[in-house]
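Here is a short briefing on one chain. Look through the sequence and the model, then read the points by topic.

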Amino acid sequence: MIVALDHLADPAEAGALSALMQGGGFLITALPPWIVAMLHDLTGSFMAGWLLHLASVAVVVVLYWRMNPGSYAAAMSLPAVSITLLNGSSANKPINKKTARA
């Protein structure tokens, strides 16, 4: 949860990110041992498994550079829209999250 709070200021959003990291992380990490076993059965050596690990490290490095916590605020906020009021004037107001999902 602490790492999620480093990325998002809102505790509810940080909780959702933490759940995604835990649940998704466990599902993702269950696949490589199975894949390495299948590669070993196909090739007869662990070389393909090591190459898979090196490729995974390269992907993680790219994601590490790409997922800068400083850029999350712009990505997570909803855009402001111009809303015409009853008297004809307009005001910039953010979209309500509940109506944006509907």
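A residue counts as buried when its relative accessible area is under 20%. By that cut-off, 7% of the 102 residues of the chain are buried. The model is predicted. Its average pLDDT is 75.

**Confidence**
- A pLDDT of at least 70 is reached by 62% of the residues.
- Residues 90–96 stay under 50 in pLDDT.
- For residues 90–96 the model still has 20 contacts beyond four places in sequence.
- Where pLDDT is low, predicted coordinates should not be read in detail.

**Overall make-up**
- The chain holds five helices and two strands.
- Read from the N terminus, the order of elements is α-α-α-α-β-β-α.
- Take the contacts between residues at least 6 apart in sequence: 13% of them join residues at least 24 apart.
- The exposed area of the chain is about 8400 Å².
- Carbon and sulfur atoms supply 71% of that area.

**Helix H2**
- Helix H2 covers residues 11–43, which makes 33 residues.
- Does the length of H2 agree with the expected span, and what are the two values to set side by side? At 1.5 Å a residue, H2 should span 48 Å, and its end C-alpha atoms are 48 Å apart, so the two agree.- Ala14, Ser18 and Val36 are buried residues in H2.
- An α-helix has 3.6 residues a turn, so residues three or four places apart point the same way.
- Gly44 comes just after H2 and takes a positive phi of about 85°.

**Trp50 and helix H3**
- Helix H3 runs over residues 47–66 and contains Trp50.
- Is Trp50 buried or exposed? Its relative accessible area is 59%, so Trp50 counts as exposed; the cut-off for exposed is over 50%.
- Trp50 and Val36 lie 14 residues apart in sequence. Their C-alpha atoms are 8.4 Å apart in space.
- Val36 is buried, whereas Trp50 is exposed.

**Surface patch**
- Which residues form a nonpolar patch on the surface with Trp50? They are Phe46, Met47, Leu51 and Leu54.
- Together with Trp50, these residues have about 620 Å² of accessible area.

Methods
Residues are numbered from 1 along each chain as its sequence is written. This is a predicted model: local features need pLDDT of at least 70, side-chain atom pairs count only at pLDDT 80 or more; totals for chains, interfaces and linings use all residues. Side-chain values use heavy atoms; hydrogens and water are left out. pLDDT is the predictor's confidence in each residue, from 0 to 100. Contact means heavy atoms within 4.5 Å. Helices (H or I, at least four residues) and strands (E, at least two) are DSSP runs, numbered from the N terminus. Buried means under 20% relative accessible area, exposed over 50%, partly exposed in between (1.4 Å probe, protein chains only). Accessible areas come from the Shrake-Rupley method with a 1.4 Å probe; for residues, only the protein chains shown count as cover. The expected span of a helix is 1.5 Å times one less than its number of residues. Patches are made of residues with over 30% relative accessible area and no salt bridge: like charges are joined within 9 Å, nonpolar side chains (Val, Leu, Ile, Met, Phe, Trp, Tyr) within 5 Å. A salt bridge is a side-chain nitrogen of Lys or Arg within 4 Å of a carboxyl oxygen of Asp or Glu.
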